[in-house]
Amino acid sequence: MISAKLSTLLNATSKNAMDAKDYKLHLLNKLYEPYLKCLQCPLGALGRTHVVFGEGNPDAALMFIGEGPGRDEDEQGRPFVGRSGKLLTKVLSLVGLDRRDVFITNIVKCRPPNNRKPTPPESSTCKKILLLKQIKIIRPSVICTLGSSALEGLLDEPVKITQMRGKILHFDGAILIPTYHPAYILRNPKELKTLADDIQKAHSLTEGSK
Ligand code: URA
């Protein structure tokens with residue numbers, strides 16, 4: 001009897017989990033609809049091919065935020081698929097995560113020309129119309145920003161990433177762990193372990209949360 005009740009409860013729980021994922025995906029797609037050809041900031045008219053909204057589990061406990069799409073991401077319409085992305089995917093697997101377990105996005109969703117840093121108005125516009133709403137829908141327990149410009153874009157203040165990385169901060173009800181950008185690790189491979197340790201820490205902090 002108890003086990004019958006338990007299995008009904010478990011079925012209901014996994015059905016709810018499935019419903020949450022489907023529902024959040026629906027909300028994300030609704031959010032993206034008006035911005036498929038976004039011109040809310042200058043980046044929309046500066047040679048962008050795709051608006052790269054983000055991808056992964058819409059009900060993820062862990063969300064990664066980078067700076068903005070590069071050339072590969074702009075071409076494919078997917079975040080972190082170039083050299084930095086391949087490194088990020090490898091580090092995720094080192095800590096036992098698959099890209100599909102987490103949600104990956106950027107501060108700005110359109111490629112800045114010549115991979116320049118997004119300007120503060122570009123970052124704040126995109127954050128307001130998309131990123132903050134993505135965070136509200138996904139409700140990650142932990143957010144991991146990649147690199148100084150992702151952290152600056154999120155907090156709206158200048159930061160020194162060498163001083164901030166690995167610290168436990170808070171943002172909109174989530175734990176925030178800043179770390180290095182994978183592109184920095186490609187140039188400074190001796191910091192690979194630091195990146196992996198920070199991502200492991202972010203992953204551990206999600207445990208039991210969803
Ligand atoms: N760098 C980023 O910050 N984001 C990407 O999606 C790819 C590279």
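Two strands count as paired here if DSSP finds at least two bridges between them. Please keep in mind while browsing these views that the model is predicted.

**View 1. The open sheet has 6 strands.** Across the sheet, the strands follow the order S1-S3-S2-S4-S6-S5, and their pairing is mixed. Strand S1 (55-56) and S5 stand at the edges with a single partner strand each, so one side of each is left without a neighbour in the sheet. As a handy reminder, strands of a sheet pair through backbone hydrogen bonds, either parallel or antiparallel.

**View 2. Strand S6 (residues 174-179) is largely enclosed by the rest of the structure.** Buried residues account for 6 of the 6 in S6, so the strand is largely enclosed. Ala174, Leu176 and Pro178 point one way from S6, while Ile175, Ile177 and Thr179 point the other way; all are buried.

**View 3. Strand S4 (residues 142-146) and S6 pair in the parallel sense.** The two strands are joined over 5 bridges. Look for Cys144, which stands opposite Ile177 in S6. Further along, Leu146 has Thr179 as its bridge partner in S6.

**View 4. S5 and S6 form a hairpin.** Strand S5 (residues 169-171) pairs with S6 in the antiparallel sense, over 3 bridges. Leu169 has Leu176 as its bridge partner in S6. The hairpin has 2 residues between the strands, and Asp172 takes a positive phi near 45° there.

**View 5. S4 is buried and also pairs with S2.** Here 5 of the 5 residues of S4 are buried, so this strand is largely enclosed by the rest of the structure. Val142, Cys144 and Leu146 point one way from S4, with Ile143 and Thr145 pointing the other way, and all are buried. S2 and S4 pair in the parallel sense over 4 bridges. One pair to pick out is Leu62 with its bridge partner in S4, Val142.

**View 6. Cysteines without disulfides.** A disulfide is taken as a pair of cysteine sulfur atoms within 2.5 Å. By this rule the count comes to 0 disulfides. Cys38 is in no disulfide, as the nearest cysteine sulfur, that of Cys110, is 6.1 Å away. Cys38 is also buried, with a relative accessible area of 12%. What about Cys144 and its closest cysteine sulfur? That sulfur belongs to Cys126 and is 19 Å from the sulfur of Cys144, too far for a bond. Cys144 is buried as well, with a relative accessible area of 0%.

**View 7. Helix H5 (residues 148-155) and its packing partners.** The buried residues of this helix are Ser149, Ala150, Leu151, Gly153 and Leu154. Which elements do they pack against? The partners are S2, helix H4 (120-138), S4, helix H6 (161-164), S5 and S6. After H5 comes Asp156, whose phi is positive, near 60°.

**View 8. Helix H8 (residues 192-206) and its buried residues.** H8 has 15 residues and reaches 22 Å from its first C-alpha to its last, close to the 21 Å expected at 1.5 Å a residue. Its buried residues are Thr194, Leu195, Ala196, Asp198, Ile199, Ala202, His203 and Thr206. When tracing them, recall that an α-helix has 3.6 residues a turn, so residues three or four places apart point the same way. The buried residues of H8 pack against strand S2 (62-66), helix H3 (83-94), S4, S6 and helix H7 (182-187). Just after H8, you will find Gly208 with a positive phi of about 80°.

**View 9. The ligand and the residues around it.** Gly66, Glu67, Gly68, Glu73, Pro79, Phe80, Asn106 and His181 are the residues around the ligand. A polar backbone atom of Glu67 is 2.8 Å from an oxygen atom of the ligand. On Gly68, a polar backbone atom is 3.0 Å from a nitrogen atom of the ligand. With Asn106 the side chain takes part: one of its N or O atoms is 2.8 Å from a nitrogen atom of the ligand.

Definitions and conventions. Residues numbered from 1 in each chain as written. Predicted model: local features only at pLDDT ≥ 70, side-chain atom pairs only at ≥ 80, totals over all residues. Heavy atoms only, no water. Buried < 20%, exposed > 50% of the residue type's maximum accessible area, 1.4 Å probe, protein only. Expected span 1.5 Å × (residues − 1). Contact = heavy atoms within 4.5 Å. Near = heavy atom within 4 Å. Polar contact = N/O pair within 3.5 Å; in protein donor to acceptor, adjacent residues only side chain to side chain.
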